[in-house]
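Good morning, and thank you for coming. Today I shall present a few local features of one structure, beginning with its backbone and then turning to its cysteines.

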Amino acid sequence: MLNLLQGCKDFLHLTLSNPEHLNPIAPQLLHGHTKVSLWDTGVLLFEPAAGNSQKDVVLSSGVHGNETAPIELCNGLIRDLLEGRLQVKERVLFLIGNPAAINNGTRIVDENMNRLFSGEHSRGPGLSNPERVRAKKLEAYVTRFFSEGAAIGAGRQRIHYDLHTAIRGSKHEKFAIYPYRPGRAFSGEQIMFLAASGVDTVLFHHEPTTTFSYFSSELFRADAFTIELGKVYPMGQNDMSKFDSTREMFKRLICAEPLELPAFDATQVNLYQVCRVINKEADDFEFTFSTDVENFTAFPRGHVIARQAGKDILIEQETEAVVFPNAKVPIGQRTVIMLVPAVNPHVE
Ligand SMILES: O=C(O)CCC(=O)N[C@@H](CCC(=O)O)C(=O)O
Ligand SMILES: [Zn+2]
């Protein structure tokens with residue numbers, strides 16, 4: 001393992017040089033205190049060789065190939081772990097989601113991978129393209145990781161941060177999507193962890209989705225989020241100083257350093273409720289606003305925000321804010337998420 005990595009520039013380089021597959025490598029002892037295992041290309045596990053870990057943490061990046069900052073952030077943590085500057089005290093699984101799309105510099109190759117989880121990869125046309133195949137494998141790796149954690153002992157915390165960047169600029173630069181979780185309170189500790197990581201805005205989703213974070217949240221009861229860390233830039237062109245707080249909190253989490261989180265305080269964060277999702281139903285779908293309108297821009301009741309098939313789509317609530325508007329999606333998929341302020345969300 002170490003030889004394999006030493007022959008390459010680094011783990012990301014190894015991954016991108018083998019975009020489809022790498023043979024697994026059994027656990028190797030690193031620096032006398034850490035077990036490191038390669039499960040597949042872009043799939044790397046670190047475990048403390050001794051001691052009582054309490055948490056199973058998945059850090060995924062590159063599910064969309066052009067969202068490079070989280071890939072660089074994770075690769076930096078991996079480099080520090082491999083070279084011994086950091087030592088994990090919790091189990092951590094790093095996933096680089098879509099190496100072929102990263103090589104392409106594009107969001108997708110054939111299909112949006114973040115619409116293919118919770119078994120969606122095998123519905124309809126089935127495992128008909130590499131993204132479907134990879135989504136199925138990623139599900140299997142997360143399942144194995146959490147199952148092996150459960151075998152260590154009961155009561156472990158499961159965490160999955162699926163790291164992205166947004167196509168547009170955003171009024172709140174860093175934000176997280178909290179997957180729909182009926183019957184489960186939102187975690188105030190997680191929201192304050194995100195805030196300490198520089199992610200000061202959280203959207204509560206209103207329905208099940210086929211995203212990676214929903215998969216881990218629903219199937220494994222993980223504290224799982226899609227986290228948007230800023231705007232998309234090409235690889236190497238990210239200002240990595242913008243992620244100092246995020247890196248610091250991820251480091252504290254995986255190295256079991258004190259998190260020093262304040263109690264949940266709704267005044268310290270921006271909380272939004274998803275009120276609806278507008279799907280594309282016709283090829284002529286178009287927004288009435290320009291491509292430089294930022295995420296979280298709000299519009300008043302009655303305002304026409306989009307048109308399709310000869311019909312206007314109007315703002316229904318007193319105000320609604322838009323996030324992820326994108327008219328260039330296949331018919332049937334989400335064109336935009338609509339938000340209202342979250343009123344008294346059930347946070348514990
Ligand atoms: O900026 C955009 O339009 C998309 C950024 C992105 O990839 N967002 C995720 C959000 C997933 C979720 O809703 O949890 C996605 O669209 O897959
Ligand atoms: Zn993304």
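At 65% relative accessibility, Glu 260 counts as exposed. Please keep in mind that the model before you is predicted. Glu 260 sits in the loop that joins helix H8 (244-254) to strand E10 (270-279). Its backbone deserves attention: phi of Glu 260 is near 50°, a positive value, and the residue is not a glycine. For background, most residues other than glycine have a negative phi.

A second residue belongs in this discussion. Phe 324 likewise is not a glycine, yet has a positive phi of about 60°. Where is Phe 324 placed? Phe 324 lies in the loop between strand E15 (319-323) and strand E16 (334-341). With a relative accessibility of 14%, Phe 324 counts as buried, whereas Glu 260 is exposed.

I now turn to the cysteines. In general terms, a disulfide is a covalent bond between the sulfur atoms of two cysteines. How many disulfides does the count give? The count comes to zero. Why is Cys 74 not bonded to Cys 255? The closest cysteine sulfur to that of Cys 74 belongs to Cys 255, and it is 14 Å away, which is too far for a bond. The cut-off used is a sulfur pair within 2.5 Å. Seen from the other side, the closest cysteine sulfur to that of Cys 255 is in Cys 74, again at 14 Å.

Finally, consider the accessibility of these two residues. Cys 74 is buried, with a relative accessible area of 2%. Cys 255 is also buried, and its value is 9%.

How values were computed: Residues numbered from 1 in each chain as written. Chains lettered and ligands numbered in written order. Predicted model: local features only at pLDDT ≥ 70, side-chain atom pairs only at ≥ 80, totals over all residues. Heavy atoms only, no water. Buried < 20%, exposed > 50% of the residue type's maximum accessible area, 1.4 Å probe, protein only. Helix = DSSP H or I, 4+ residues; strand = E, 2+ residues; numbered from the N terminus.
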